[in-house]
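I opened the model today to look up how its parts are arranged. My entries are below, in the order in which I made them.

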Amino acid sequence: MTLLDKVLEIYHKYYICPYCLGRMFALLGTETTNYDRGKSLLLSLTLENHRLLLTSKNIHNKAIQNLKILAENAKFSPAQKVLVKEGFEYIDTNSSKTCYLCNDIFLTLQKYVNKAINKTENYEFNTFLCGTSPSSKIINQEDKFKAEFNLLESESFKNHFNREVGKLLSSAINKSPDFQNPDIVFIFSLDFVEFDVQLLIRSLFISGRYNKLMRGIPQTRWPCRKCQGKGCSDCNFKGTQYDTSVEQLISPLFIEKSLATGSKFHGAGREDIDVRMLGTGRPFILELKEPKKRNFNLSHIMQEVNKLQARKVEISNLKYSSKREVIALKSKAENTKKVYKALVEAEEAIDKTKFEINITSLRKIIENNKIYQRTPIRVSHRRADLIREKYVYKIQSEYLTSNLFKFTIETQGGTYIKELISGDEGRTTPSFSEVFGNTLICKELDVIDIKE
Ligand SMILES: [Zn+2]
Ligand SMILES: [Zn+2]
């Protein structure tokens, strides 16, 4: 059976629109649309039967019959006009019939586009994507139809609808579809009669670096240990263990500007609460959820945040970012080099000569070498108990008094510096205390550089 015979066979029984006809043969041919594909098939049939009608006396009746199927059952106007032109009639009883496969959804796409556009009224976005969830009635009807005519070259209703609506939307709003990272996803729920459009607003990601200029601030909001954030007398009904956090100092202005419903702070590792983050700062990505605004002047926000949080937190290097960069940020954190400045107190006084001898051994043993750290006691309640190997690259020292020193230490990310100094009761080895044969305690710690 030829392709054209198959098309006639379909129209013997059903009316389907040119869009749906083309979709049934979507895998055949390229560089065309389903609509043009469907129309071409109907046009070819019209031409072929018009030719037969004009040239061959014996199959005259067959040609008229076929043209009538095209004119009446397929509602194809070129066939209707050929019949009239050649002095025949056709009956226009099917004009109110709707497409068996889509109930004329494809003939009224503008309706879907308009509703989608109305929903975006309050949202700023640069890219979009369409998604469709057709009812099971639509899918079953189409599956049965394909089986009945043994149609093996079709594409799905969903793909076809997404593409057609996407094209119309794109030109109506003058924005391009983005299949990887759309700002907004339109989800069409379709039935033969009713439909709805829902908007999925994708998060906006902004990357930057932060400096923490004050001690005593955690990186992210820390729920109260006693009430787990519900609010109790211990936390003054704030629900948090600390008054503020780097996150709480940075994000409100971004939420305000983007009209987001919330935010999430992603840091490339984190420093302890009592550790300052100096130098070029720590990379972070702020995720703004369901933002209404996406295009704003990042350097203005940066200046405002820095003015508002002066001497507490400072941000720099703001750029638009993506979800993919959040994942990279997390995996990169362990492989960066970090430079710390530590103020260290010794339990027993040491003179300068003894100090220099100790430093020489310290550098010989620890510099450019591995240290072994069993999970520190102070974090053992939230981290698995295991031994981590960490690399120490460089140690520099400064003798302040007989029991107060300064160290600059460059290590692999994720090294516990306070424990590297104290030894953590033998859980970190080798350690500064171990080499000095003295008890050394880190009194103050700053991160002064994160090298990528
Ligand atoms: Zn249709
Ligand atoms: Zn509480």
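These notes go from the domains to the helices, sheets, cores and a few single residues.

**Entry 1. Domains**

I noted before anything else that this is a predicted model. I then looked up how the chain is divided, and found domain 1 (3-85), domain 2 (105-201), domain 3 (204-334) and domain 4 (336-451). These bounds come from an automatic or database domain assignment. I also checked how far apart domain 1 and domain 3 are, and their C-alpha centres lie 64 Å apart.

**Entry 2. Helices α1 and α3**

I looked at helix α1 (residues 3-13) against helix α3 (residues 34-55), whose axes come within 10 Å and cross at roughly 100°. Angles from 65 to 115 degrees count as roughly perpendicular, and α1 and α3 are therefore roughly perpendicular to each other. I listed the residues that make the contact: α1 supplies L4, V7 and L8, and α3 supplies L41, S44, L45 and E48.

**Entry 3. The largest core**

Which residues have the most contacts inside the largest nonpolar core? I found C17, C20, L70 and C102, in a core of 46 residues. Helix α4 (residues 60-73) gives the most to this core, with five residues. Domain 1 (3-85) and domain 2 (105-201) both contribute residues, so the core lies between them.

I also noted a second, separate core of 44 residues, with I206, V246, V392 and I409 among its members.

I went back to C102 for its contacts. Not counting residues up to four places away in sequence, C102 touches C17, Y19 and C20.

**Entry 4. The four-stranded sheet**

I traced an open sheet of four strands in the order β2-β1-β3-β4, and its pairing is mixed. Its edge strands are β2 (176-177) and β4, each of which pairs on one side only.

I took the pairings one at a time. Strand β1 (residues 127-134) runs parallel to β3, and seven bridges join them. I picked out F128, whose bridge partner in β3 is I184.

Strand β3 (residues 184-190) pairs with strand β4 (residues 195-201) in the antiparallel sense, over seven bridges. In this pair F188 stands opposite V197 of β4. β3 and β4 form a hairpin, and I found four residues between them.

I then looked for a helix packed on these strands. Helix α6 (residues 109-119) lies across β3 and β4, and runs at about 40° to β4.

**Entry 5. Strand β7**

Is strand β7 mostly buried or exposed? I found that 11 of the 15 residues of β7 (residues 275-289) are buried, so this strand is largely enclosed by the rest of the structure.

I listed the strands that pair with β7:

- Strand β5 (residues 204-212) pairs with β7 in the antiparallel sense over eight bridges, and S207 stands opposite I285 in β7.
- Strand β6 (residues 262-267) pairs with β7 in the antiparallel sense over six bridges, and F265 stands opposite L286 in β7.
- Strand β14 (residues 440-451) pairs with β7 in the parallel sense over three bridges, and M277 of β7 stands opposite V447 in β14.

**Entry 6. F284**

I chose F284 as a residue to follow within strand β7. A residue counts as buried if 20 or more other C-beta atoms lie within 10 Å of its own. F284 has 25 C-beta neighbours inside 10 Å, so I put F284 down as buried.

Not counting residues up to four places away in sequence, I found F284 touching G208, R209, Y210, F265, H266, G267 and A268. I also looked up a long separation: the C-alpha atoms of F284 and Y100 are 54 Å apart, and the two residues are 184 residues apart along the chain.

**Entry 7. L151**

Where does L151 lie? I found L151 in the loop between α7 (136-148) and α8 (157-173). L151 has 15 other C-beta atoms within 10 Å and is therefore partly exposed.

Leaving aside neighbours within four places in sequence, L151 is in contact with M24 and K146. I also checked L151 against K6, and their C-alpha atoms are separated by 9.2 Å, although 145 residues separate L151 and K6 along the chain.

Notes:
Residues numbered from 1 in each chain as written. Chains lettered and ligands numbered in written order. Predicted model: local features only at pLDDT ≥ 70, side-chain atom pairs only at ≥ 80, totals over all residues. Pairing = 2+ DSSP bridges. Helix = DSSP H or I, 4+ residues; strand = E, 2+ residues; numbered from the N terminus. Core = buried A, V, L, I, M, F, W, Y, C linked by C-beta atoms within 7 Å. Buried ≥ 20, exposed ≤ 12 C-beta atoms within 10 Å, placed from the backbone. Contact = placed C-beta atoms within 7 Å. Axes fitted to C-alpha atoms, helices over the stretch in contact; angles between N-to-C directions. Parallel < 35°, antiparallel > 145°, perpendicular 65-115°, else oblique.
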